[in-house]
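Hi everyone, thanks for coming. Today I'd like to walk you through one structure, looking at its empty spaces and at a few of its strands and helices. Please have the picture open while I talk.

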Amino acid sequence: MKLLKSILKWLFIAGITLLILAVVLSPYQHYPGETQRAIICSIEIDAPVETVFAYLGDSDHAKEWSVFVDHITPLNSSSYPDGAVGSIRRAFCNPDESGMRWDELTTKVVPHELRRLDVYGFVDFPMTAEGLFTEQRYTSLPDGKTQLAFTLEFKESPSLWVQLKTSLGAHRIASIFDDNLENIKRLIEAENP
């Protein structure tokens, strides 16, 4: 019995230590120039900013580059062009549209610089949060290259509990962002040698 208590004590301490490390080392953090914590991942693409911006403005391309989303369906394309302010799209993780999904409303577009989407209506996620937005940030670099960044942020500062959940979930989100950015780079550079 004494040995069992000792093992449980060490397992508890190890679990707490891992939790603390996951939060401290989380990609959900304060970045220079940001007003609050965010997840930010970026990549340099050997293609002009106009090409990268146009590619990501077309929801049909998501099935080519996303490691998480199977497809994205524009919901109001008869009223708003895909990727324009006011356009709404639904992201599906499964081909049959069952399981995890969410909606995105394009709220800001600065051509060749920024596309901002409010993210909401999460279905079948193990953890969710309200008041999220994501940005695609485009920076034109010398020699016709582009710095592309994906962000995930809150519109308002979230509660401590939501920050903790986000700190833990950020590891998976950043991994998805990094994989997606690598795929976007590969696909765009293959079309623009």
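**A walk through the spaces and strands**

Let's begin inside. The largest cavity is lined by Leu56, Asp58, Ser59, Ala62, Trp65, Ile72, Arg89 and Gln136. Please keep in mind that this is a predicted model. Sorted by class, that cavity lining has 4 nonpolar, 2 polar and 2 charged residues. The volume of the largest cavity is about 40 Å³, and the structure has 1 cavity of 30 Å³ or more. How do we find such places? Rolling a probe the size of a water molecule over the atoms shows where empty space is left.

Next comes the largest pocket, with about 840 Å³ of space. Its lining has 31 residues, and those closest to the centre are Phe68, Phe122, Phe125, Leu152 and Ile173. Which elements give two or more residues to this lining? They are the strands β4 (101–110), β5 (114–123), β6 (132–141) and β7 (145–154), together with helix α4. Helix α4 gives the largest share, 8 residues. By class, the pocket lining holds 20 nonpolar, 7 polar and 4 charged residues.

Now, how do some of those strands fit together? β4 and β5 are antiparallel, and 8 bridges pair them. You can find one spot in this pairing by looking for Arg101, which sits opposite Val123 in β5. The hairpin of β4 and β5 has 3 residues between the strands, and there His112 has a positive phi near 65°. On to the next pair: β5 and β6 also run antiparallel, joined by 6 bridges. Here, Asp118 has Phe133 in β6 as its bridge partner. While you trace these strands, here is a handy rule: in a regular strand the side chains alternate between the two faces of the sheet.

Last stop, the helices. At what angle do α2 and α4 pack? Helix α2 (residues 49–56) and helix α4 (residues 160–191) pack at about 120°, and their axes are 11 Å apart. Their crossing is right-handed. On the α2 side, the residues in contact are Thr51, Val52, Tyr55 and Leu56, and they meet Ile184, Leu187 and Ile188 of α4. That contact has 6 nonpolar residues, 1 polar and no charged ones.

One residue links the start and end of my talk: Leu56 is part of the lining of the largest cavity, and Leu56 is also among the α2 residues that meet α4. Thanks for listening, and please ask away!

Note on methods
Residues numbered from 1 in each chain as written. Predicted model: local features only at pLDDT ≥ 70, side-chain atom pairs only at ≥ 80, totals over all residues. Heavy atoms only, no water. Axes fitted to C-alpha atoms, helices over the stretch in contact; angles between N-to-C directions. Helix = DSSP H or I, 4+ residues; strand = E, 2+ residues; numbered from the N terminus. Left-handed = near helix turned anticlockwise from the far one by under 90°. Contact = heavy atoms within 4.5 Å. Nonpolar A, V, L, I, M, F, W, Y, C, P; charged D, E, K, R; others polar. 1 Å grid on protein atoms, 1.4 Å probe; cavity = no way out; pocket = protein on both sides within 12 Å on 5 of 7 lines; lining within 4 Å. Points joined across faces, edges and corners; volume = space filled by probe spheres on them. Pairing = 2+ DSSP bridges.
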